[in-house]
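Me: I should like a close look at a single part of this structure, the sheet and what packs against it. Please explain it in connected prose suited to a first-year student.

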Amino acid sequence: MRGAIAVLLAACLGACASTPPRNPLAQWHGSPNHNARSAQLIVLHQTEMDSAQAALLTLRTRNAQGRVSAHYLIGNDGRLYQLVSEDARAWHAGAARWAGLHDLNSASIGIELDNDGHSAFSEPQLQALLRVLADLTARLDIPRHLIVAHGDIAPTRKHDPGVLFPWPRLAQAGFGLWPRAVPAAPPPRFDPWLALRVIGYDLRDPAAAVRAFHRHYRASEGDAWEPEDAAILYDLQQQLLQLPPTAEPMATPSL
Ligand SMILES: [Zn+2]
């Protein structure tokens, strides 16, 4: 008898452990037609610390400014560390907005680059970044152009990675949104603010958004429009408007 109870208890515990959270307001009619949610974009950071070891400590413990983390950290020597599972929500973006998304931690993979904020990014580190970007975009079906800076998504608070980050290097390898070699001339009534919004920038602080755009695309940090900006913005906007719609990964053909 005691044995039978033990078996029943074990079966119940097993079932309970595998029961997914269900809303008591609804009747459960489970469907097998689903898969795990995954990230939609990749956010790059620079640690602004003296070493990868110091960054590892900050990203794995409490610290004075609050607890932070990232999915990956890439050392200056090219070593790749993973700190958080890709299906979990690392705390790297903070208050941020991009292309209408508000909860960027839920929507993104965060990659920290070991860099003090004043030095060039090393070749081994960039090679490791390109390798992991190729892996993540392929494996998680993240569109290759959706690689942005922390400074892009939080323009009033953040400025990483800074102006030394080589976005053209990423573009040569097919990552990130980048103007084509010969951008088309913008039409006479072209609206640069609308283009910034189409790219994804939050315009609640317009000067901060222009500064973030300049940091990313011009390696400068001015917050006033410059004559060359319109052609770059028009080209980026046109590229986005011409992108094919992103395909949903599906196991079988469906509706
Ligand atoms: Zn950051």
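**The sheet and its surroundings**

Reply: Strand 2 and strand 4 run parallel to each other and are joined by three bridges. Within this pairing, Leu73 stands opposite Glu112 of strand 4. The model described here is a predicted one.

This pair belongs to an open sheet of five strands, arranged in the order 3-2-4-1-5, with mixed pairing. Strand 3 (80-82) and strand 5 (147-149) are the edge strands; each has a single partner strand, so one side of each is left without a neighbour in the sheet. From one strand to the next, the twist averages 25 degrees.

On the other side of strand 4 in that order comes strand 1. Strand 1 and strand 4 are parallel and are joined by six bridges. One of the residues involved is Leu41, whose bridge partner in strand 4 is Ser108. Strand 1 also pairs with strand 5, again in the parallel sense, over three bridges. Here Leu44 has Ala149 of strand 5 as its bridge partner. Strand 1, which spans residues 41-46, is mostly covered, since five of its six residues are buried. As a general point, the side chains of a regular strand alternate between the two faces of the sheet.

The next element to consider is helix 2. Helix 2 lies across strand 2, strand 3 and strand 4, and runs at about 165 degrees to strand 2. Which residues of helix 2 are buried? They are Ala52, Ala55 and Leu59, in a helix that covers residues 52-60. Seen down the helix axis, these buried residues fall within an arc of 60 degrees, so they line one face of helix 2. That set of buried residues packs against strand 2 (72-74) and strand 4 (108-113). On the other side of helix 2, Gln53, Ala54 and Leu57 are exposed. Helix 2 thus has a buried face, because its buried residues share one narrow arc of 60 degrees, and exposed residues on the other side.

Two loops that adjoin strands of the sheet also deserve attention. Most residues other than glycine have a negative phi. Ala99, in the loop between strand 3 and helix 3 (104-107), has instead a positive phi, near 50 degrees. Ala99 has 17 C-beta neighbours inside 10 Å and therefore counts as partly exposed. The loop between helix 4 (123-139) and strand 5 contains Asp141, whose phi is likewise positive, near 55 degrees. With 14 C-beta neighbours inside 10 Å, Asp141 also counts as partly exposed. For both residues the reasoning rests on the cut-offs: 20 or more neighbours would make a residue buried, and 12 or fewer would make it exposed.

One further backbone feature is found in the loop between helix 5 (150-153) and helix 6 (167-172), where Pro161 lies. The peptide bond from Asp160 to Pro161 is cis, with omega near -10 degrees. In general, most peptide bonds are trans.

Notes:
Residues are numbered from 1 along each chain as its sequence is written. This is a predicted model: local features need pLDDT of at least 70, side-chain atom pairs count only at pLDDT 80 or more; totals for chains, interfaces and linings use all residues. Helices (H or I, at least four residues) and strands (E, at least two) are DSSP runs, numbered from the N terminus. The arc is that of the directions from the helix axis to the C-beta atoms. Two residues are in contact if their C-beta atoms, placed from the backbone, lie within 7 Å. Two strands pair if DSSP finds at least two bridges between them. Axes are lines fitted to C-alpha atoms, for helices over the stretch in contact, and angles run from 0 to 180 degrees between N-to-C directions.
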